[in-house]
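Dear colleague,

I am handing over the structure below, with notes on what was found in it. Please read them with the coordinates open beside you.

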Amino acid sequence: MSPLAPADVTVGGALAPLTRTVTQDQITAYAAAAGDPNPIHTDPDVARAFGFPAPIAHGMLTLAILTEAVAAWAGGYDRVASISVRFSRPLIAGDTITCTGRVADVDVAAGMAGLELEALSDRGDRVLTNGRASVRLVSRD
Amino acid sequence: MPDPTHVGRRYQAPGQVIESAGAARFAAAVAGSDPVAALGPIPPTYAAVYCLFPTLGQIFLDPEVGLELAGLVHAEQSFEFAAAPVPGETVDATAEIVGVAARRGRWFVTVTMEAHRPSGEPVVSGRALLIAAGAPA
């Protein structure tokens with residue numbers, strides 16, 4: 001893992017997709033680690049009452065996975081300058097999320113790259129849309 | 001129920017300690033059955049723990065705002081990471097309601113949040129859009 005320099009980055013270039021099956025155990029662990037007790041993420045009866053077949057992952061868990069994909073591409077968590085998403089559809093426990101992205105712009109003078117991002121589930125739901133991130137590049141003289 | 005007069009309400013969550021053990025539990029939960037990513041000590045969205053949930057949680061429980069929690073949707077989120085948090089450091093988090101609008105029977109509540117070091121140096125800032133039921137149709 002090493003940070004990217006402007007010469008490493010091409011507009012239109014793709015990030016390596018990150019695919020992860022998100023289990024109920026994982027969602028329950030995230031609820032505990034993040035301190036979010038909302039039962040829609042852990043109680044099947046509550047999830048069904050809201051029309052979901054099973055508990056749903058926290059939007060923030062899906063954003064964490066997307067952020068990992070960006071940081072893996074950029075060469076570390078500290079390279080991620082910003083990230084934003086719309087939580088368009090919930091990810092159901094047991095489903096698989098695939099995070100993808102491409103380079104939208106590179107600002108060599110500022111040492112920044114802009115990414116467009118999204119995440120789909122294996123049921124075809126667009127889980128995260130309108131994703132954007134900016135990444136700090138390094139100068140390599 | 002929410003009301004545009006709630007714009008400007010601020011919530012404080014001082015003294016958030018960024019603990020390595022907590023960040024490691026968080027990173028393990030994000031990884032699930034995959035190996036934990038070796039990308040640094042603190043995942044960026046650990047800001048959920050030291051900034052977002054401690055402040056949004058207060059908004060959820062503010063009886064004067066009266067958000068209907070059943071079916072509350074976190075619709076959008078953005079973060080800007082000004083500085084990488086250092087394990088063991090303490091930051092102060094704040095949030096502010098910056099928008100309240102009723103559309104098609106639902107409340108659209110926009111909240112900004114930030115966390116900074118005791119020196120005032122910013123660590124993270126962010127913006128959340130929450131959508132809740134109970135607005136006039």
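A pair of residues is a convenient place to begin: Arg102(A) stands opposite Glu116(A), which belongs to E4(A). The two strands concerned, E3 (residues 96-107) and E4 (residues 112-121) of chain A, pair in the antiparallel sense over ten bridges. Please keep in mind throughout that this is a predicted model.

These strands belong to an open sheet of ten strands with antiparallel pairing, whose order is E1(A)-E3(A)-E4(A)-E5(A)-E2(A)-E2(B)-E5(B)-E4(B)-E3(B)-E1(B). Strand E1 (18-21) of chain A and strand E1 (10-17) of chain B stand at the edges with a single partner strand each, so one side of each has no neighbour in the sheet. On average, and with direction ignored, neighbouring strands of this sheet are turned by 20° against each other.

The two chains meet in the sheet through E2(A) and E2(B), which pair in the antiparallel sense over five bridges; here Val85(A) stands opposite Gln77(B) of E2(B).

Within chain B, eleven bridges join E3(B) to E4(B), and these strands run antiparallel. The bridge partner of Val100(B) is Val109(B) in E4(B), and in the hairpin of E3(B) and E4(B), with two residues between the strands, Arg104(B) takes a positive phi near 50°. E4(B) is also joined to E5(B) by eleven bridges, again in an antiparallel run, and Val111(B) has Ala128(B) of E5(B) as its bridge partner. The hairpin of E4(B) and E5(B) has five residues between the strands, and in this hairpin Gly120(B) takes a positive phi near 100°.

Turning to the helices, helix H3 (residues 59-74) of chain A lies across E1, E2 (80-87), E3, E4 and E5 (126-136) of chain A together with E2 (73-81) of chain B, and runs at about 145° to E2(A). In chain B, helix H2 (residues 47-60) packs on the sheet and touches E1, E2, E3 (90-103), E4 (106-116) and E5 (122-133) of chain B, while its direction makes about 50° with that of E3(B).

A further contact between the chains is that of helix H1 (residues 24-34) of chain A with helix H1 (residues 20-31) of chain B, which pack at an angle of about 155° with their axes 8 Å apart. Since angles over 145 degrees count as roughly antiparallel, H1(A) and H1(B) are therefore roughly antiparallel to each other, and their crossing is left-handed. The contact is made by Gln26(A), Ala29(A), Tyr30(A), Ala33(A) and Ala34(A) of H1(A) and by Arg25(B), Phe26(B), Ala28(B), Ala29(B) and Val30(B) of H1(B); by class, it has eight nonpolar, one polar and one charged residues.

In H1(A), the residues Gln26(A), Ile27(A), Tyr30(A), Ala31(A), Ala33(A) and Ala34(A) are buried, and what covers the buried residues of this helix includes H3 of chain A together with H1 and H2 of chain B. Just after H1(A), Gly35(A) takes a positive phi of about 75°.

As for the interface in total, 27 residues of chain B are in contact with 33 residues of chain A. On the side of chain B that touches chain A, H1, H2 and E2 each supply at least two residues, and the largest share, eight residues, comes from E2(B). By class, this side of chain B has 16 nonpolar, seven polar and four charged residues.

With best regards

Notes
Residues are numbered from 1 along each chain as its sequence is written. Chains are lettered from A and ligands numbered from 1 in the order in which they are written. This is a predicted model: local features need pLDDT of at least 70, side-chain atom pairs count only at pLDDT 80 or more; totals for chains, interfaces and linings use all residues. Two strands pair if DSSP finds at least two bridges between them. Helices (H or I, at least four residues) and strands (E, at least two) are DSSP runs, numbered from the N terminus. Axes are lines fitted to C-alpha atoms, for helices over the stretch in contact, and angles run from 0 to 180 degrees between N-to-C directions. Two residues are in contact if their C-beta atoms, placed from the backbone, lie within 7 Å. Angles under 35 degrees count as roughly parallel, over 145 as roughly antiparallel, 65 to 115 as roughly perpendicular and the rest as oblique. A crossing is left-handed if the near helix is turned anticlockwise from the far one by less than a right angle, and right-handed if clockwise. Ala, Val, Leu, Ile, Met, Phe, Trp, Tyr, Cys and Pro count as nonpolar, Asp, Glu, Lys and Arg as charged, and the others, Gly among them, as polar. A residue is buried if 20 or more other C-beta atoms lie within 10 Å of its own, exposed if 12 or fewer, and partly exposed in between; C-beta atoms are placed from the backbone.
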